[in-house]
Amino acid sequence: MLNNLRLRINRIGFVAALALMPAINVNCTKKQNIAIVSSPDLAIQKQESIRNLVAELNGIIPQRPVTKVKIHPCYGHYNPETQEITVPVKTDDYLDPVAHEMGHAIYETRLKNTLFGDFWGQIYQVSLGWKNYQLLKDDSYISPASLTIIHEQCNMQWGHGTNEPSELFASALTIYRRHSDQYLARLYLPGLPEKSRRFGKLVFLFMRDYVFDGRYFSGVDPFAGERFFDHVGRDLNGLEIDALSSICQDDQLPLLKYGLDSYALIHIFRSHIRDERFFTALERHFQYCPNSRDYIFQLAAEAGLEDLRMDPIPGNERFLLLVIKGLADQNARYRAMEAIVALKLRDSKLLEPLVKILAEEKNDATTAIEALAVIGDKRAFPYLEKLINRPDEIGQAAKKAILSLKANQ
Ligand SMILES: [Zn+2]
């Protein structure tokens with residue numbers, strides 16, 4: 001996501017570059033050889049519909065089409081190595097899982113690690129704000145009868161768009177291709193917040209312009225004459241930041257903590273670590289949500305392990321202040337220390353609060369020692385030296401920390 005950060009900085013240049021990119025060619029007439037592996041009783045008509053949909057969507061990824069469809073009672077999957085999809089066909093909505101798995105194939109082949117993929121990453125972040133992802137829950141578009149079958153016979157959830165960008169894409173593609181009219185009707189429901197409507201429109205434009213080469217599957221195109229890239233600067237960036245603020249408001253973060261894959265928030269943390277408005281949201285959350293303060297540092301640490309270690313954030317005073325507050329908080333201090341270690345925060349302001357934690361000799365003292373080694377301030381020596389003769393883990397950690405401090409002098 002480092003790329004994402006850099007791209008955001010060059011937004012203007014890169015919108016211009018976008019306009020020059022060739023459109024994706026959709027070839028929906030050519031039928032490839034698509035093998036369907038199933039028990040012989042799968043109705044010919046069903047097989048034919050599956051083949052037609054796969055062939056059509058393969059038109060978006062002619063360089064790496066799906067060549068085999070396996071049938072499974074409950075399970076859906078895309079295997080990029082073998083170019084196979086596995087789909088359940090139990091319900092009348094059997095073409096939805098086909099579209100969903102083809103969505104994964106299209107994401108892998110066309111979007112991953114591309115400019116379009118970065119845009120989709122932003123859309124994904126916006127989807128997490130104001131519960132926008134509910135618009136793209138594919139299980140809310142199939143019939144109640146199908147849902148019952150899935151739940152009762154397979155004990156499974158259908159749809160998981162909040163998990164990661166590719167899941168949201170697979171769900172969005174299914175809805176755009178299979179339930180466009182219903183989707184647009186929801187966009188115009190009077191109770192839908194304006195921000196969610198703007199989000200929904202962006203998704204429609206993204207699918208129409210960059211995935212389906214201008215094709216739409218609703219009776220009318222309510223956004224004819226508008227293009228996705230007209231909205232990138234004004235809408236997407238603005239919405240993205242607002243969505244982040246909404247996620248970090250009191251009622252949302254604890255909910256996300258338990259309700260969503262933490263990947264989502266790590267992704268956000270990683271992309272916005274330098275963003276003023278993101279920090280405002282974090283600070284507000286820290287002030288008002290005592291029960292999930294530790295979570296902020298957990299996310300920072302997890303995000304840091306992957307990208308930020310390469311491009312750390314020690315200059316960010318506001319983040320440091322947050323960490324210092326975290327160290328003073330009984331419930332958050334362990335995670336705050338983890339974040340210091342993972343992000344390699346080298347700042348002397350952290351010395352005093354860490355020494356205080358050390359003096360208590362509670363079971364997080366070893367993490368405090370690790371953090372002292374990271375901040376690299378030689379004033380830590382006398383505190384560590386006092387501990388080296390202890391026969392326990394604390395003594396071990398102190399010896400290690402002294403060695404690493406000396407090595408870094
Ligand atoms: Zn999926």
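Reader: Which residues of helix α17 (residues 351–360) are buried?

Author: This is a predicted model, in which local features need pLDDT of at least 70 and side-chain atom pairs count only at pLDDT 80 or more, while totals for chains, interfaces and linings use all residues. Residues are numbered from 1 along each chain as its sequence is written. Helices are DSSP runs (H or I, at least four residues), as are strands (E, at least two), both numbered from the N terminus. If a residue is called buried when 20 or more other C-beta atoms lie within 10 Å of its own, exposed at 12 or fewer and partly exposed in between, with C-beta atoms placed from the backbone, then the buried residues of α17 are Pro353, Leu354, Ile357 and Leu358.

Reader: Why do these buried residues count as being on the same side of α17, and what arc do they cover?

Author: An α-helix has 3.6 residues a turn, so residues three or four places apart point the same way. The arc is taken from the directions that run from the helix axis to the C-beta atoms. The buried residues are placed on the same side of α17 because they cover an arc of only 145°.

Reader: Which exposed residues does the face of α17 turned away from its buried side carry?

Author: The buried residues of α17 pack against α15 (317–327), α16, α18 and α19 (381–385), where contact requires C-beta atoms, placed from the backbone, to lie within 7 Å. The face turned away from that buried side carries the exposed residues Glu352 and Ala359.

Reader: At roughly what angle do the axes of α16 and α18 cross?

Author: Axes are lines fitted to C-alpha atoms, for helices over the stretch in contact, and angles run from 0 to 180 degrees between N-to-C directions. The axes of α16 (residues 333–343) and α18 (residues 365–375) come within 9 Å, and they cross at roughly 30°.

Reader: In what order do the four strands of the open sheet lie?

Author: Two strands pair if DSSP finds at least two bridges between them, and in this sheet the pairing is mixed. Strands β1 (35–37) and β3 (77–79) each pair on one side only and are the edge strands, whereas β2 (residues 68–71) and β4 (residues 84–87) pair in the parallel sense over four bridges. The order is β1-β2-β4-β3.

Reader: Leaving aside its neighbours within four places in sequence, which residues is Asp92 in contact with?

Author: Asp92 is found in the loop between β4 and α4, and Asp92 counts as exposed because it has 12 C-beta neighbours inside 10 Å. Asp92 and Ser146 are 54 residues apart in sequence, yet their C-alpha atoms are 6.6 Å apart in space. With the sequence neighbours within four places left aside, the contacts of Asp92 are Ser143 and Ser146.

Definitions and conventions:
Two residues are in contact if their C-beta atoms, placed from the backbone, lie within 7 Å.
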